[in-house]
Amino acid sequence: LAEFGYNMDMLKHYKPWMLLSQCENIITAECGLDAQKGFDMYILNMAHEDGKEIFETESADFQMDMLMGFSDELNDLMLSSYNKENIDFLEQQMNDTYDMWKTGDIEKTTAFLTQEDEATYGELTDEQKALLDEYNKEMLYDRNEGMAECAEKLLKEHKNTLFVVGLAHFIDRKSVV
């Protein structure tokens with residue numbers, strides 16, 4: 001983080017989840033990507049401009065509570081991948097993810113999202129694998145259930161609805177679908 005101009009004295013007071021967020025933002029920016037220009041933000045802004053009703057499947061508070069609720073051990077493991085030796089790999093991974101989304105390559109995207117984490121983190125202990133399994137459960141599978149319930153509720157109300165969630169929530173046998 002120091003190499004990207006961050007004040008290390010200030011960062012020593014951050015919780016691991018906040019440091020992780022900063023690292024992810026750096027990789028995104030280094031790849032020339034901007035989360036504010038994503039498809040979800042585009043659709044949301046268009047809906048606001050058109051005066052459409054917006055129903056959020058998850059509140060910002062829910063998402064923040066989830067991110068802040070991950071254990072320090074999990075955040076430390078995830079932070080360990082953000083190092084000088086791994087930066088090119090992480091940037092390539094981010095660019096590959098964007099390209100898969102942009103081209104709609106479902107097979108590549110599915111393979112990428114379900115791959116073993118050893119490419120990112122190196123050889124993992126059973127404890128580390130369990131941490132990542134718990135992360136996937138909370139970040140994807142548990143949320144998928146809530147998103148599916150919201151979609152089903154909206155469908156039963158027979159409203160003309162556009163339902164938007166991230167790509168990872170449509171892949172795997174435990175997806176929103």
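1. Let me start with a charged pair. Lys137 and Asp142 join side chains in a salt bridge, with 2.9 Å from N to O. Bear in mind that this is a predicted model, so the distances here and below are computed from it. Neither partner is buried: Lys137 has a relative accessibility of 38% and counts as partly exposed, and Asp142, at 32%, counts as partly exposed too. As background, side chains of opposite charge can pair when their charged atoms come close.

2. How many salt bridges does the structure hold? There are six. Another one to click on is Lys153 with Glu157, where the N to O distance is 3.4 Å. Lys153 is partly exposed at 43% relative accessible area, and Glu157 is partly exposed at 35%.

3. The salt bridge I'd look at next is Arg143 with Glu58, at 2.7 Å from N to O. This one ties together distant parts of the chain: Arg143 sits in helix 9, Glu58 is in the loop between helix 3 and helix 4 (60-69), and the two positions lie 85 residues apart in sequence terms. Are these two partners buried or exposed? Both Arg143 and Glu58 are buried, which means that each has under 20% relative accessible area.

4. Now the overall picture. The secondary structure is nine helices and zero strands, so if you read along the sequence you get α-α-α-α-α-α-α-α-α. The C-alpha atoms fill a box of roughly 50 × 35 × 30 Å along the principal axes. The chain has 177 residues, and 28% of them count as buried.

5. What about the inside? The largest nonpolar core has 15 residues, and the members that touch the most others are Phe70, Leu74, Met78, Leu79, Leu132, Tyr135 and Met139. Helix 2 (16-30), helix 5 (72-80) and helix 9 (126-156) are the elements that give two or more residues to this core. If you want to find the core on screen, colouring those three helices is a handy start.

6. On the outside there is a nonpolar surface patch of about 710 Å². Its residues are Phe39, Tyr42, Met46, Tyr98, Trp101, Leu162 and Val164. Which helix gives the most to the nonpolar patch? Helix 3 does, with three residues. Helix 3 (39-49) and helix 6 (87-103) each supply at least two. Take Met46 as an example: this residue is in helix 3, and its relative accessible area is 35%, so Met46 is partly exposed. That value also explains why Met46 can belong to a patch, because patch residues need over 30% relative accessible area.

7. A second patch carries charge. Asp72, Glu73, Asp76 and Glu127 form a negative surface patch. Three residues, the largest share, come from helix 5. Asp76 is in helix 5 and is partly exposed at 43% relative accessibility. Helix 5 therefore turns up twice in this note, since helix 5 also gives two or more residues to the nonpolar core and supplies the largest share of the negative patch.

8. A few long-range pairs help with orientation. Gln92 lies in helix 6 and is partly exposed, with 43% relative accessible area. Gln92 and Glu152 are 60 residues apart in sequence, and their C-alpha atoms are 37 Å apart in space. For Thr161 and Asn83, the separation is 78 residues in sequence and 43 Å in space, C-alpha to C-alpha. Lys174 and Gln63 are 111 residues apart along the chain, with 20 Å between their C-alpha atoms.

9. Last, the tail end of the chain. Where is Thr161 placed? Thr161 is in the segment after helix 9, and at 38% relative accessibility it counts as partly exposed. Lys174 is also in the segment after helix 9, and Lys174 has a relative accessible area of 38%, which makes this residue partly exposed.

Methods: Residues are numbered from 1 along each chain as its sequence is written. This is a predicted model: local features need pLDDT of at least 70, side-chain atom pairs count only at pLDDT 80 or more; totals for chains, interfaces and linings use all residues. Side-chain values use heavy atoms; hydrogens and water are left out. A nonpolar core is a set of buried Ala, Val, Leu, Ile, Met, Phe, Trp, Tyr and Cys residues joined through side-chain atoms within 4.5 Å. Buried means under 20% relative accessible area, exposed over 50%, partly exposed in between (1.4 Å probe, protein chains only). Helices (H or I, at least four residues) and strands (E, at least two) are DSSP runs, numbered from the N terminus. Patches are made of residues with over 30% relative accessible area and no salt bridge: like charges are joined within 9 Å, nonpolar side chains (Val, Leu, Ile, Met, Phe, Trp, Tyr) within 5 Å. Accessible areas come from the Shrake-Rupley method with a 1.4 Å probe; for residues, only the protein chains shown count as cover. A salt bridge is a side-chain nitrogen of Lys or Arg within 4 Å of a carboxyl oxygen of Asp or Glu. Lys and Arg count as positive and Asp and Glu as negative; His and the chain ends are not counted. The place of a charge is taken as NZ of Lys, CZ of Arg, CG of Asp or CD of Glu.
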